[in-house]
Amino acid sequence: MKPRPYVPLHLHTEYSLLDGATQIYDLVKKAKDENMPSVAITDHGVMYGAIELTKVCHELGGVKPIIGIEAYIIDGDIEEKKTREDIFHLTLLAQNSEGYRNLLFLNSRAHLAGYYYKPRINKEILTAHKNGIIVLSGCLGSQLAQNLLKNNYAEAFKVALWYKENFGSNYFLEIQDHGMIEDRIVNKQIVQIGKELDIEIVATNDSHFTNHDDAVAHDCLLSIQMGKLVTDCKRMKFTGSEFIKNGSQMSMLFKDHLDSEIIDQSIKNTLVIADRIDSIKIFQDNPRLPNFEVPHGHTIESYLNHKVFDGARYRFGDQLNRSVIERAEAELKVIEDMNFASYFLIVADFIEFAKSQKIPVGPGRGSAAGSLIAYCLGITDIDPLRYNLLFERFLNPERRSMPDIDTDFCIERRDEVLKYVTQKYGKDKVAQIITFNRMTSKAVIKDVSRVLEYPLAEANKLAKLVPVVRGKPTPLYEMVASHPEFKGIYDNSPEAKQVITIAQKLEGINKTYGVHAAGVVISDVPLHELVPLQKNNDGQIITQYNMDDLAKVGLVKMDFLGLRNLTMIDKAIKIIKLTRDIDIDLANIPIDDEKVYQTISNGDLQGIFQLETSQGMRQVARDMKPSNIEDISALIALYRPGPLDSGMIDKFIACKHGKSAITYQTPLLESILQDTYGQIVYQEQVMQIAQKLANYSLGQADLLRRAMGKKKPEEMEKQRELFNSGCLSNGISLNIANQLFDMMVQFAEYCFNKSHSQAYALVTYQTAYLKSHYPIEYMTALLSSVASDVSN
């Protein structure tokens with residue numbers, strides 16, 4: 001039998017950091033399973049989860065998202081921060097698109113102007129931005145409830161009257177029942193105020209965790225937040241009833257102090273409110289980019305075209321060959337069709353600024369190095385035609401996604417570029433990006449052990465048993481299921497079992513927030529119209545939505561990375577000029593310098609970018625003996641746990657030096673794999689195999705590459721059929737086609753982005769060149785850079 005229909009309207013998720021324990025997927029699934037047609041999230045002073053809620057509701061279907069916030073409101077001036085005013089709680093829900101925009105403004109204003117202990121607003125700001133907002137009176141921390149608890153009915157009445165006069169039927173009085181005497185004192189009087197002022201009553205639950213049996217884990221979470229032990233008496237505690245209740249469970253509350261008719265109507269009113277709330281369109285199909293001014297007579301697209309072909313002539317000479325023209329035109333069409341023309345002009349502009357100020361800029365990073373347009377605009381300095389790099393790995397015409405150009409700048413002058421962008425587009429249109437740090441299996445075992453007073457040595461033993469695979473600790477459910485020693489402790493020690501069981505419930509929950517190391521968004525309108533803002537601990541303005549959620553609202557991330565090696569290269573060149581009066585132009589040094597390759601082949605890697613990592617890298621470099629820039633690229637791509645563990649790097653070296661024969665299942669593979677001695681090293685090679693052997697477009701081949709990475713059985717079977725069919729049409733037997741597909745799947749797990757490794761290979765070569773030819777000057781710059789790093 002289905003539970004009674006009900007809509008939770010006061011609910012805290014994991015985004016109420018270290019206070020809420022509900023993860024949004026679990027929330028929406030429970031709502032769908034238990035007859036809750038809508039669900040609101042009202043986290044403490046933040047809107048972190050709004051996009052995720054909207055996305056998950058859309059994916060699971062059947063549940064309407066309601067975006068809200070538990071705001072902090074004061075009676076005084078929010079910018080006055082000398083005295084600590086009484087701060088009250090207030091529940092705000094977005095009724096429609098205007099209400100959502102007003103919530104964005106109110107929350108951003110609370111953080112940027114009103115933060116003092118909490119992000120605060122006042123009634124003047126609230127009423128100025130009240131359209132489309134539904135107000136619920138709040139929990140025991142509300143101004144209404146606090147006056148009632150102080151036996152000041154008249155003042156509570158005035159508070160309710162003020163909201164009634166300003167919000168009319170969009171103001172509701174909340175009643176809650178968590179089994180506390182305070183609930184009973186407040187609820188009876190709230191009902192009385194409702195009768196006197198003709199204000200509707202609504203039943204809410206101030207939920208902080210998902211299910212009743214999560215109460216102990218949530219109590220541990222609170223202890224972690226406060227740095228207390230679970231056994232400490234003097235700490236914040238909940239009653240254990242603050243889980244997400246369905247309508248039938250809500251109907252069982254309040255009975256000892258309120259009439260059944262009032263209870264019944266207060267539950268029905270949750271549905272009334274939900275029906276009043278529109279489905280708000282938040283997601284944007286087109287990117288929101290700042291207005292880039294172009295010369296008179298040009299559109300954004302025509303100016304990009306003009307700049308690209310000017311740049312092409314600079315790169316390739318006045319007489320452009322057909323391959324350059326066709327590639328440029330093809331890329332331009334994709335960029336224009338996706339409305340990304342201004343994005344490329346914006347990135348090219350701030351890189352041009354950096355170079356004009358002699359701020360060192362890297363030659364490229366990530367898949368953007370595969371774009372000829374980026375090369376012609378000076379965004380990158382890697383010729384994608386020379387190195388056979390693919391645009392579709394960067395921007396796939398058959399899969400709409402935001403472009404992502406990452407740029408390395410001298411670490412000491414990166415902030416100059418950020419300042420330029422902020423001044424050019426406006427302080428209110430530029431912000432850095434929030435990140436969230438989750439409780440991983442290793443860390444949460446230690447956290448839970450501490451608050452439960454489980455012995456430190458035993459906790460460390462458990463944590464050390466958890467393997468880290470590619471930077472990610474193995475999940476606890478896998479440890480319990482398949483790790484014999486860990487499972488043995490779990491089965492034989494009740495104390496350890498308690499720790500692990502609670503840790504499993506908290507694993508994956510957001511613990512703290514941080515700031516993306518390089519990500520910045522730039523908008524065409526003040527950012528608070530699109531995304532809630534806050535400040536980090538250093539006073540920087542950051543978004544409350546993470547980079548994936550920002551893409552959903554149309555904002556495009558731009559990465560401004562600080563790379564110390566660029567600083568070091570710049571210092572070395574300046575020292576060489578000072579001591580030898582020689583001008584070094586790294587853009588024109590030969591890339592076939594034998595002395596450079598000899599330095600690397602000798603394993604003399606100290607100070608060489610990407611290669612100075614370990615004794616293991618030195619040995620691999622000695623064994624490989626790179627003899628060209630492509631070998632350096634492969635060395636960067638292969639020296640990672642996957643290729644090392646699988647033996648790929650040993651086979652590469654053996655084939656390079658003729659100790660193993662280079663074989664191809666079909667001659668069609670030779671042109672694709674000859675630079676890597678018959679081995680699949682790069683993601684782009686997987687794409688090229690699919691294109692050349694099985695008639696995929698490069699866009700389709702990129703989708704194949706992604707599918708191989710995810711390994712979803714249904715999609716893989718579909719792709720195998722397409723691949724085999726294409727191979728058969730090109731005279732390749734079914735047996736060979738299956739072998740090739742299996743080989744691609746195997747290597748897809750370890751393959752690297754060639755655009756990135758080729759770009760970084762150039763920086764590697766440059767550092768090795770300086771070290772090989774100007775060792776004293778280079779090592780002086782290196783030591784200076786290291787000293788600067790330590791002092792900072």
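Modeller: A residue counts as buried under 20% relative accessible area, exposed over 50% and partly exposed in between, with a 1.4 Å probe and protein chains only. Helices (H or I, at least four residues) and strands (E, at least two) are DSSP runs numbered from the N terminus. This is a predicted model, where local features need pLDDT of at least 70 and side-chain atom pairs count only at pLDDT 80 or more, while totals for chains, interfaces and linings use all residues. Residues are numbered from 1 along each chain as its sequence is written, and side-chain values use heavy atoms, leaving out hydrogens and water.

Colleague: Let me try that on a helix. How many residues of α27 are buried?

Modeller: Seven of the nine residues in α27, which spans 648-656, are buried, so the helix is mostly covered. Met648 and Ile649 belong to that group, together with Phe652, Ile653, Ala654, Cys655 and Lys656.

Colleague: And what covers the buried residues of α27?

Modeller: For this we use contact, meaning heavy atoms within 4.5 Å. The cover includes three helices that come before α27, namely α24 (615-624), α25 (629-638) and α26 (641-646), as well as α32 (734-748). Look also just after α27, where Gly658 has a positive phi of about 75°.

Colleague: Now a strand, please. Which strands pair with β2?

Modeller: Two strands pair if DSSP finds at least two bridges between them. Strand β2 covers residues 64-74, and 10 of its 11 residues are buried. Strand β1 (residues 38-41) runs parallel to β2, and four bridges join them; Ala40 has Ile66 of β2 as its bridge partner. Strand β3 (residues 88-94) pairs with β2 in the antiparallel sense over six bridges, with Glu70 opposite Thr91 of β3. Strand β5 (residues 118-122) is parallel to β2 over three bridges, and there Tyr72 is partnered by Arg120.

Colleague: Which way do the residues of β1 point?

Modeller: Ser38 and Ala40 point one way from β1, while Val39 and Ile41 point the other way, and all are buried.

Colleague: I would like to read helix packing next. How is the pair α16 and α20 arranged?

Modeller: Two packed helices are described by the angle between their axes and the distance between the axes. Axes here are lines fitted to C-alpha atoms, for helices over the stretch in contact, and angles run from 0 to 180 degrees between N-to-C directions. The axes of α16 (residues 441-451) and α20 (residues 494-506) come within 9 Å and cross at roughly 125°. That makes α16 oblique to α20, since angles under 35 degrees count as roughly parallel, over 145 as roughly antiparallel, 65 to 115 as roughly perpendicular and the rest as oblique.

Colleague: Which residues of α16 and α20 meet?

Modeller: Val444, Ile445, Val448 and Ser449 from α16 meet Val499, Ile502, Ala503 and Leu506 from α20. By class, this contact of α16 with α20 has seven nonpolar, one polar and no charged residues. (Ala, Val, Leu, Ile, Met, Phe, Trp, Tyr, Cys and Pro count as nonpolar, Asp, Glu, Lys and Arg as charged, and the others, Gly among them, as polar.)

Colleague: How do α25 and α33 cross?

Modeller: Their axes come within 8 Å and cross at roughly 110°, with α33 being residues 754-773. That makes α25 roughly perpendicular to α33. On the α25 side, Ile629, Glu630, Ile632, Ser633, Ile636 and Ala637 take part, and they meet Ser757, Gln758, Tyr760, Ala761, Leu762, Thr764 and Tyr765 of α33. The contact of α25 with α33 has eight nonpolar, four polar and one charged residues.

Colleague: Let us finish with single residues. Is Ser441 buried or exposed?

Modeller: Ser441, which lies in α16, is buried because its relative accessible area is 1%. Leaving aside neighbours within four places in sequence, Ser441 is in contact with Val466, Pro473, Thr474, Pro475, Leu476 and Glu507.

Colleague: And is Gln683 buried or exposed?

Modeller: Gln683 sits in helix α29 (residues 683-694) and counts as buried because its relative accessibility is 13%. With neighbours within four places in sequence again set aside, Gln683 is in contact with Arg393, Arg705, Cys751, Phe752 and Asn753.

Colleague: Where is Asp213?

Modeller: Asp213 is in the loop between β8 (201-203) and α8 (215-226). Its relative accessibility is 53%, so Asp213 counts as exposed. The C-alpha atoms of Asp213 and Arg564 are separated by 50 Å, with these positions 351 residues apart along the chain as the sequence offset.
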